[in-house]
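I opened this entry to look up where the ligand sits and how the sheet beside its chain is built. My notes follow the display.

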Amino acid sequence: MLNIVVCVKAVPDPKEACNIKIDPDTKTLMRCEVPFVVNPLDKNAMEAALQLKEQGDAHISVLSMGPPEAGNIVKECLALGADQGFLLSDPAFGGADAYATAYTLAKGIEKIGSFDVVFCGMASSDGSTEWVGPEMATFLNIPVVTMVKEIVESEGEFWQVKASLENGYRLMRVQLPAVFTVTRDLNTPRTLSFSGIIKARKKEISEWGIHELGVPAELLGVKGSPTVVSNLSTTESKREVEMISGTREEKAEQLVQKLAEAGVI
Amino acid sequence: MDKTQAPVWVIADQIDCRILSVSFQLIGRARKLADELETSVEAVLLGDNVREQTQQLVAAGADTVYLANSPELYFYQPELYTEIIVKLAQKQQPQIMMLGSTSMGRELAPLVAARLKTGLTAHCIDLVLDKDRILEQKIPAYGGLLSIICPEKRPQMATIASGVFPKPEMDAERTGEVVELEVPIDVPRRIETLEVVREEPKGVPLESAPIIVAGGAGAGDPDGWQQIADLANTLNAALGCTRPAVDEGWADLETMIGQSGKMVSPECYIGVGLSGELQHMVGIVGSQIMIAINNDAKSPVFEKVDFGIVDDGREFVPVLIEKIKKYQEKKVTC
Ligand SMILES: Cc1cc2nc3c(=O)[nH]c(=O)nc-3n(C[C@H](O)[C@H](O)[C@H](O)COP(=O)(O)OP(=O)(O)OC[C@H]3O[C@@H](n4cnc5c(N)ncnc54)[C@H](O)[C@@H]3O)c2cc1C
């Protein structure tokens, strides 16, 4: 049986227009309540796992680190078809940078136990570093392929995958266990079904904190993060806008005029 | 050795034995930082048949080039590349290590950082030294600029996209030292690059296009997106996009402009149905004219451009295309 771990992150809904901004006068963050959703690329990671489960014998564990509310996105993944859920949640994990996040997730995976494949999204919509997959693989001392866009061969101990490159791809041969970070080209994530939601009610979510992981606090959260935010500054645009008005036709004509004056058409 | 005397490193990136321009740009910035820190710039180059290219790195400003030259290194091989860089970094103790935000850099940087147990900042748009000579790594966030620092761990690591820093003057007379490295033999080979396939880029490349038309979430659906693509075609422009257009599947990730995408410097930029979010706007470096089309008169994008048009893009773009075509025909017959 193939043991798969899928790492998912709860992110503020990227479709919500209300973004957190700095107040230009007070230089403090203006927060607003945005609902949490599964990070979009993590849905592709989930889908990859579900497709493997449809093709053969596989067991899917979903793992997330986040505040208690992140339990909802773990539940959503169970409803999609994952078998077991794990939430790493503890105030001690808070404020983690990519390094500390990857470390904590790696400890979570070790505690889950045997695994052959770890899938995660290539990046999160709110952090976008792309570091968590490769750093987690390093802590687990296993290989990683980032930006996977096609799984060519998934039988046995050696897999072959295609990973995106600038204008092309690289074909990689990888020995399991391994971490794969996936792009949206890999698949089209399925949507929730009613029966899935019903079945998920019987599935368990284990919640682990610092004691369950048995890791010293210095290695977690803010304390375990090598990077810190030192300063937040506002930026000012140097451009002065000229609004072009009139009827639709007039606006288009004036714009063509501007483009012609600038010599671009 | 005094900590501030530790070198500034650039991991050079090459494809088919040709060093990528981002590597020279990073050496240019490394030179400035190293001069301020009164230390040296060291470049690391891994590849096959790249011995001659070391002089280019010196010409760009490197004092020392560490070279590992072997057929095994022709392609980027994650375990081997990581091992060589980690071992050398443990010995030389650089205080700063920069990599390009290339497909290699984006994977290699976190592999090296985790092994060296240090911090890493993604897709920086500036690197400066603070009063304590610590590297401030700037990224756009929350509509402003965030400075990230790595106060204790070394090296301070960052990835930077091509186009963030200018290419330095190349001084062919500059001299530097080339140190050849052994390729280790005891590295596990659990992963291997079998093949690299490059495809012809579709359409006009963003990096060199004089005109860029970029579309955003406001395109609404694939038809709306097609109109924006038609506008780009009519202008013989490159087609760029914001992240939602990638998320929706209208556009390829490779055409995304911004902090985590491409940095571009066209003569003219036309943004349609996008809000001017800083993570996107930092990707447009010094465009001469910038134009925005947005249906919301209050959109922040209008604070960041030279000409603004408030209109529904889906109605306006087809009219604009017609007008441009008319102008082009007139111009030809004149
Ligand atoms: C760490 C990080 C890195 C990121 N990196 C990047 C990056 O590199 N590149 C990038 O682009 N984004 C990046 N983002 C995302 C970025 O923050 C914004 O979410 C994104 O740029 C917004 O895209 P948009 O302007 O298309 O969408 P929105 O902000 O949703 O704006 C859509 C605009 O379209 C207008 N509109 C709607 N309908 C119409 C219509 N019919 N006609 C005309 N106008 C219409 C609306 O008024 C609105 O202003 C990053 C985010 C994070 C957190």
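I count a residue as near a molecule or strand if one of its heavy atoms lies within 4 Å of it. With that rule, I found the ligand between chains A and B. This is a predicted model, in which local features need pLDDT of at least 70 and side-chain atom pairs count only at pLDDT 80 or more, while totals for chains, interfaces and linings use all residues. Residues are numbered from 1 along each chain as its sequence is written, chains are lettered from A and ligands numbered from 1 in written order, and side-chain values use heavy atoms, leaving out hydrogens and water.

I listed 29 residues around the ligand, with Ala217(B), Thr242(B), Ser260(B), Ser275(B) and Gln279(B) the closest.

I then looked up polar contacts (pairs of N or O atoms within 3.5 Å). A polar side-chain atom of Ser260(B) is 2.6 Å from a nitrogen atom of the ligand, and one of Ser275(B) is 2.6 Å from a ligand oxygen atom, whereas for His280(B) the distance to a ligand oxygen atom is 3.4 Å.

Turning to the sheet, I took strands as DSSP runs (E, at least two residues), numbered from the N terminus, and as paired if DSSP finds at least two bridges between them. In chain B, 7 strands form an open, parallel sheet in the order β7-β11-β6-β1-β4-β5-β12. β7 (120-124) and β12 (177-180) of chain B each have a single partner strand, so one side of each lacks a neighbour in the sheet. I noted 4 bridges between β1 (residues 8-11) and β6 (residues 96-100) of chain B, with Ile11(B) opposite Leu99(B).

Technical notes. Polar contact = N/O pair within 3.5 Å; in protein donor to acceptor, adjacent residues only side chain to side chain.
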